[in-house]
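Let us take a walk through this structure together, starting with one residue and then stepping back to the whole chain. Please have the sequence and the 3D view at hand.

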Amino acid sequence: QVQLVESGGGLVQAGGSLRLSCAASGFAFDFKTMAWHRQAPGKERELVAFITSGGAPNYVDSVRGRFTISRDNAENTVYLQMNSLKPEDTAVYYCNAWATNYWGKGTLVTVSS
């Protein structure tokens with residue numbers, strides 16, 4: 001059974017940091033590109049960052065330089081370190097195995113101004 005379980009969300013002030021984790025099980029994590037997406041209130045879900053099976057990270061322009069995606073294949077976990085958070089980063093953040101229907105239930109990040 002495939003599972004993706006996000007954790008680490010919460011309330012933080014602008015300029016602060018959070019680290020999200022996504023624990024994966026039930027599929028060949030090592031061979032999958034993994035991604036973080038987010039959905040802000042009233043908006044469509046959008047890609048934030050992804051990391052290839054080889055560990056190469058990619059970011060959308062709005063988070064580049066502030067967010068860092070990483071993975072630990074030994075722990076089947078992907079991380080998203082978020083620094084210099086802005087109120088516009090407020091969203092539910094979802095973990096996803098790229099090009100699959102494997103999604104977590106999300107973790108809420110709220111950034112206050």
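Is serine 84 buried, exposed or partly exposed? Serine 84 counts as partly exposed, because its relative accessibility is 41%, which falls between the cut-offs of 20% for buried and 50% for exposed. Do keep in mind, here and below, that you are looking at a predicted model. To find serine 84, go to the loop that links strand 8, residues 77–82, with strand 9. Its backbone deserves a glance too: serine 84 is not a glycine, yet its phi is positive, at about 50°.

Now for the whole chain. The protein has 10 strands and zero helices, so its radius of gyration is the next thing to consider: at 13 Å, this radius is close to the 13 Å that the globule rule gives for 113 residues, and the protein is therefore as compact as a globular protein of that length. If you turn the C-alpha trace along its principal axes, you will find that it spans about 40 × 25 × 20 Å.

What does the chain keep inside, and what does it show? Of the 113 residues, 41% are buried. The accessible surface amounts to about 5900 Å², and carbon and sulfur atoms account for 48% of that area. As for charge, the protein carries 10 positive and 9 negative charges, and the mean positions of the two sets lie 2 Å apart. Contacts across the sequence are worth a look as well: taking those between residues at least 6 apart, 54% join residues that are at least 24 apart.

A good place to see distant parts of the chain meet is the disulfide. The structure holds one, formed by cysteine 22 and cysteine 95, with 2.1 Å between their sulfur atoms. Cysteine 22 sits in strand 3, residues 18–25, while cysteine 95 sits in strand 9, residues 91–97, so the pair ties together parts that are 73 residues apart in sequence. The link is left-handed, with -80° about the S-S bond. Neither end is open to the probe: cysteine 22 counts as buried because its relative accessibility is 0%, and cysteine 95 is likewise buried, at 0% relative accessibility.

From strand 9 you can carry on into the loop that leads to strand 10, residues 107–112, where alanine 99 lies. Alanine 99 has a positive phi of about 65°, although it is not a glycine. Its relative accessibility is 74%, so alanine 99 counts as exposed.

Our last stop is arginine 45, in the loop between strand 4, residues 34–39, and strand 5, residues 46–51. Which residues does arginine 45 touch, once its neighbours within four places in sequence are left aside? They are His37, Arg38, Gln39, Tyr94 and Trp103. Tyrosine 94 is 49 residues away from arginine 45 along the chain, and 9.1 Å separates their C-alpha atoms. Even with these contacts, arginine 45 counts as partly exposed, because its relative accessibility is 35%.

Key. Residues numbered from 1 in each chain as written. Predicted model: local features only at pLDDT ≥ 70, side-chain atom pairs only at ≥ 80, totals over all residues. Heavy atoms only, no water. Helix = DSSP H or I, 4+ residues; strand = E, 2+ residues; numbered from the N terminus. Rg over C-alpha atoms; globule rule 2.2 N^0.38 Å. Buried < 20%, exposed > 50% of the residue type's maximum accessible area, 1.4 Å probe, protein only. Contact = heavy atoms within 4.5 Å. Areas by Shrake-Rupley, 256 points an atom, 1.4 Å probe, with all protein chains shown as cover. Lys, Arg positive; Asp, Glu negative; His and termini not counted. Charge placed at Lys NZ, Arg CZ, Asp CG, Glu CD. Disulfide = S-S within 2.5 Å.
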